[in-house]
Amino acid sequence: MEARTRKRRWLIAAAVGAVVLALGLALFKPWLLFVDVRVDEQLPTVAASPAVSSATAKPSSGTATTVPGGRVQLAVGSLISHEHATTGTVRIIQQPGGKRVLTLENLDTSNGPDVHVWLSAADAVEGTAGWFTAGSAEYYDLGVIKGNQGNQVYALPDELDLARFKSVDLWCVQFSVSFGAAQLAK
């Protein structure tokens with residue numbers, strides 16, 4: 001009888017362990033740390049200077065030169081690492097006709113569950129002190145990140161007031177932590 005009780009306990013413990021393991025895998029998705037998703041969307045080119053906002057500019061020689069599409073860079077920042085090693089450049093670009101986009105250029109970070117691209121009212125703070133700052137500030141969610149590597153373009157709504165936002169954050173909604181962030185400079 002004692003052997004039978006011991007066997008029953010082992011079976012119950014094994015079943016509970018299997019359920020806990022399955023739930024842990026479903027919740028944390030650890031395999032994502034080893035799988036890269038590369039996205040290479042066409043990035044808009046911008047004028048060398050925000051002062052050049054028309055489709056043509058006159059260099060010192062007096063001849064007209066075409067500025068690529070009349071696009072203007074409104075803000076730029078370099079991504080810094082937070083919870084995960086993160087590098088790349090963030091730009092906010094005004095397209096001809098006034099539409100604006102946010103680009104992630106040469107992005108390289110870890111893949112993770114439920115990582116979103118946020119415009120944040122918080123400053124991008126280096127080190128572990130910056131891991132949670134975006135979560136305690138006003139933000140605008142541009143949606144789930146398209147991939148953890150490469151070049152990406154996100155449309156910004158016309159009514160969005162960019163003056164309210166100081167940084168871009170790659171925010172893991174599931175775990176309320178920043179993968180990386182970039183302070184925006186005009």
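K146 has a relative accessible area of 34% and is therefore partly exposed. The model in which this value was computed is a predicted one. The side chain of K146 forms a salt bridge with that of E41, with an N to O distance of 3.1 Å. K146 sits in the loop between β9 (139-144) and β10 (149-156), and E41 in the loop between β1 (38-40) and β2 (56-57), so this contact ties together parts that are 105 residues apart in sequence. E41 is partly exposed as well, with a relative accessible area of 30%.

**Salt bridges**

Side chains of opposite charge can pair when their charged atoms come close. In the whole structure, a search finds seven salt bridges. Among them are the three pairs in this table.

| Pair | N to O distance |
|---|---|
| K146 and E41 | 3.1 Å |
| E105 and R91 | 2.7 Å |
| E138 and R164 | 2.1 Å |

The E105 and R91 side chains meet at 2.7 Å, N to O. E105 belongs to strand β7 (residues 100-108) and R91 to strand β6 (residues 87-94), so the salt bridge ties together parts that are 14 residues apart in sequence. E105 has a relative accessibility of 11% and counts as buried, because the cut-off for that class is under 20%. R91, at 21% relative accessibility, counts as partly exposed.

The side chains of E138 and R164 form a salt bridge at 2.1 Å, N to O. This pair links distant parts of the chain, 26 residues apart: E138 lies in the loop between β8 (115-120) and β9, and R164 in the loop between β10 and β11 (167-172). E138 counts as partly exposed, at 38% relative accessibility. R164 counts as partly exposed too, at 40%.

**The sheet**

Strands β6 and β7, which carry R91 and E105, belong to an open sheet of five strands. The order across this sheet is β1-β10-β7-β6-β4, and the pairing is mixed. β1 and β4 (72-78) stand at the edges with a single partner strand each, so one side of each has no neighbour in the sheet. On average, neighbouring strands of the sheet are turned by 25 degrees against each other, direction ignored.

Within the sheet, β6 and β7 run antiparallel and are joined by seven bridges. One bridge pairs I93 with V101 in β7. The salt bridge of E105 and R91 thus also connects these two strands, E105 lying in β7 and R91 in β6.

Terms used
Residues numbered from 1 in each chain as written. Predicted model: local features only at pLDDT ≥ 70, side-chain atom pairs only at ≥ 80, totals over all residues. Heavy atoms only, no water. Salt bridge = Lys/Arg side-chain N within 4 Å of Asp/Glu carboxyl O. Helix = DSSP H or I, 4+ residues; strand = E, 2+ residues; numbered from the N terminus. Buried < 20%, exposed > 50% of the residue type's maximum accessible area, 1.4 Å probe, protein only. Pairing = 2+ DSSP bridges. Axes fitted to C-alpha atoms, helices over the stretch in contact; angles between N-to-C directions.
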